[in-house]
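Biologist: I would like to learn how to read a structure like this one. Where should we begin?

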Amino acid sequence: DVRLSRRALLRAGGLSVAAAGLGGGRLLAGPADLVEVELVARERLQRILPEPAGLSPLVTYADRFPGPVIRLRKGQRLRATLVNELKEHTSIHWHGIRLPNLEDGVPFLTQPPTKPGERHVYEFTPPDSGSFFFHPHCNTIELLGRGLAGVLIVEEEGGPRFDADQVCLVKDWQLDKTGQFGAFTSDRGASRAGTFGTVTTVNGEIGPTIEVPTNGDVRLRLYNVDNTRVIDPRIEGAEAWIIAVDGNPLPPRPLDGWPMGPAMRIDVVFRAPKEAGKTVRLTNVYAAEPKPLASFRAAGAALPNKRFAPRPLPPANIPEPDLKAAQVIPMAFSAAGAAQSFDSVLLTSLPYADQLCLAQKTFWAINQQSWPEGGHERLPPPIATLQKGRSYVFELANLTPHLHPIHIHGYTFKVLSSDQRQVVPHHADTVLLEPKERLRVAIKADNPGDWMFHCHIIEHQETGMMGYIRVA
Ligand code: C2O
Ligand code: CU
């Protein structure tokens, strides 16, 4: 339930926070160019498994997972207050947003951790439109595992219109038969492909049926917010084209193989069935026979016939790297080796004394450097220091037999090429590195600060495959 007073409505102008059955969150009053939300992180019971299983003790920012869905128009400013009602410190990282470093939500690196009972105010104007999300950056294996994530959508100005705009978050849960959480991580999982959940859901429901306008063009904002699983989505029974990756426009092309690692998003347009009552299915075909995720059922009077020809979204405004002048930086993702320890573990000089995040073992490394065990309070040196204003090509080399979705904070990669496959040129904040692959991505280093750079399989991230880049 989004609480929105009449006065707030008047003052908020065209502001929209979509409750749409997706959680809620408290929307506070504000002028038209400012959207204010309060996000109370705490345990909330929610039914994931059918009866006779009990409710599951999720951790969420709003009444229900996935919630809230915050919608901004491009140019609007967001002021989000995190209220920590957990028993541990936390933070909010705004995944995919090119924001000022101090708003990035990484405990010890960009802000003091928000302790139990404390609040922290984030404020920024997202420079790009697109489908983004947010989550904590500490004890993420458990907290994201229990559902602590919300959606941030920045609506583009102009561009094509759709008959519906549907958000779908794919996520597994680590639940036993009674609805209680089991172990979120295991050494076996963390040192290999990750620990998979026991039940797959869309928007917190097992195989939901979602209504869409009959014969309408549906914009599906599809999110993989799982800790571990890679999905390769298809819409069975409908024409479906992909129009954006991590919120960034892509020249529309049929959805026919776009594997999504944890944290990756795509926007898809599909044509709903011509007849009310008919359904099409969202499936995952990754490395197996298709597994159904959700159904879309046509409802209401049929919209007029038109040709299915999705138009491109308005172009993104990502600073263009100068590839001729770019410096190439190798980034090797590997298992943590005996020789990889570095002597110069720096104790952070910031006065952020706090309890430890859950200590994890070390299995992984970037350029032979592993993030120190025990969370964020011990900062290693940066894995690279970039000069503000210069362009860089990262040569991401996967020296392991596993997949790694590699994510950078505060920037959007221009994805250039791979030694293993034909790459569709696109922008992304998270790229899926295949086993043994070398993938080249570029940025223009225009945003100063210390920016996390890590695998988004959360167990890999929290067992060493995490570092940060300094832009100064
Ligand atoms: Cu969604 Cu540091 O990541
Ligand atoms: Cu990984």
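Modeller: Begin with pairing: two strands pair if DSSP finds at least two bridges between them. Helices (H or I, at least four residues) and strands (E, at least two) are themselves DSSP runs, numbered from the N terminus. Here three bridges join strand 27 (residues 404-408) to strand 32, and the two run antiparallel. His-407 has His-454 in strand 32 as its bridge partner.

Biologist: Which strand is joined to strand 32 by six bridges?

Modeller: That is strand 33 (residues 466-471), again antiparallel to strand 32. Trp-451 stands opposite Ile-469 of strand 33.

Biologist: Before going on, what kind of model is this, and how are its parts numbered?

Modeller: It is a predicted model: local features need pLDDT of at least 70, side-chain atom pairs count only at pLDDT 80 or more, and totals for chains, interfaces and linings use all residues. Residues are numbered from 1 along each chain as its sequence is written, while chains are lettered from A and ligands numbered from 1 in the order in which they are written.

Biologist: How many helices and strands does the chain have?

Modeller: Four helices and 33 strands.

Biologist: How do I read the order of strands in a sheet?

Modeller: Read the strand numbers from one edge to the other. One open sheet of six strands has the order 12-11-14-18-16-17, with mixed pairing. Strand 12 (199-202) and strand 17 (248-254) are at the edges with a single partner strand each, so one side of each has no neighbour in the sheet. From one strand to the next the twist averages 25° (axes are lines fitted to C-alpha atoms, for helices over the stretch in contact, and angles run from 0 to 180 degrees between N-to-C directions). Within this order, strand 11 (residues 164-173) and strand 14 (residues 217-224) pair in the parallel sense over seven bridges, and Asp-165 stands opposite Arg-219 in strand 14.

Biologist: Which strands are at the edges of the open sheet 13-20-19-15?

Modeller: Strand 13 (209-213) and strand 15 (233-236), each pairing on one side only. This sheet has four strands and mixed pairing. Strand 13 and strand 20 (residues 291-299) are parallel, with five bridges; Ile-210 has Phe-296 in strand 20 as its bridge partner.

Biologist: What makes a residue buried?

Modeller: A residue is buried if 20 or more other C-beta atoms lie within 10 Å of its own, exposed if 12 or fewer, and partly exposed in between, with C-beta atoms placed from the backbone. Of the 472 residues in the chain, 50% are buried. In strand 32 (residues 449-455), six of the seven residues are buried.

Biologist: And what is a nonpolar core?

Modeller: In soluble globular proteins, nonpolar side chains tend to be buried together. A core is a set of buried Ala, Val, Leu, Ile, Met, Phe, Trp, Tyr and Cys residues joined through C-beta atoms within 7 Å. The largest one here has 115 residues, and Leu-152, Cys-168, Val-268, Phe-270 and Val-431 touch the most other members. Strand 16 (residues 240-245) gives this core its largest share, six residues.

Biologist: What does Phe-270 contact beyond its neighbours within four places in sequence?

Modeller: Two residues are in contact if their C-beta atoms, placed from the backbone, lie within 7 Å. The partners of Phe-270 include Val-218, Leu-220, Ile-235 and Val-280.
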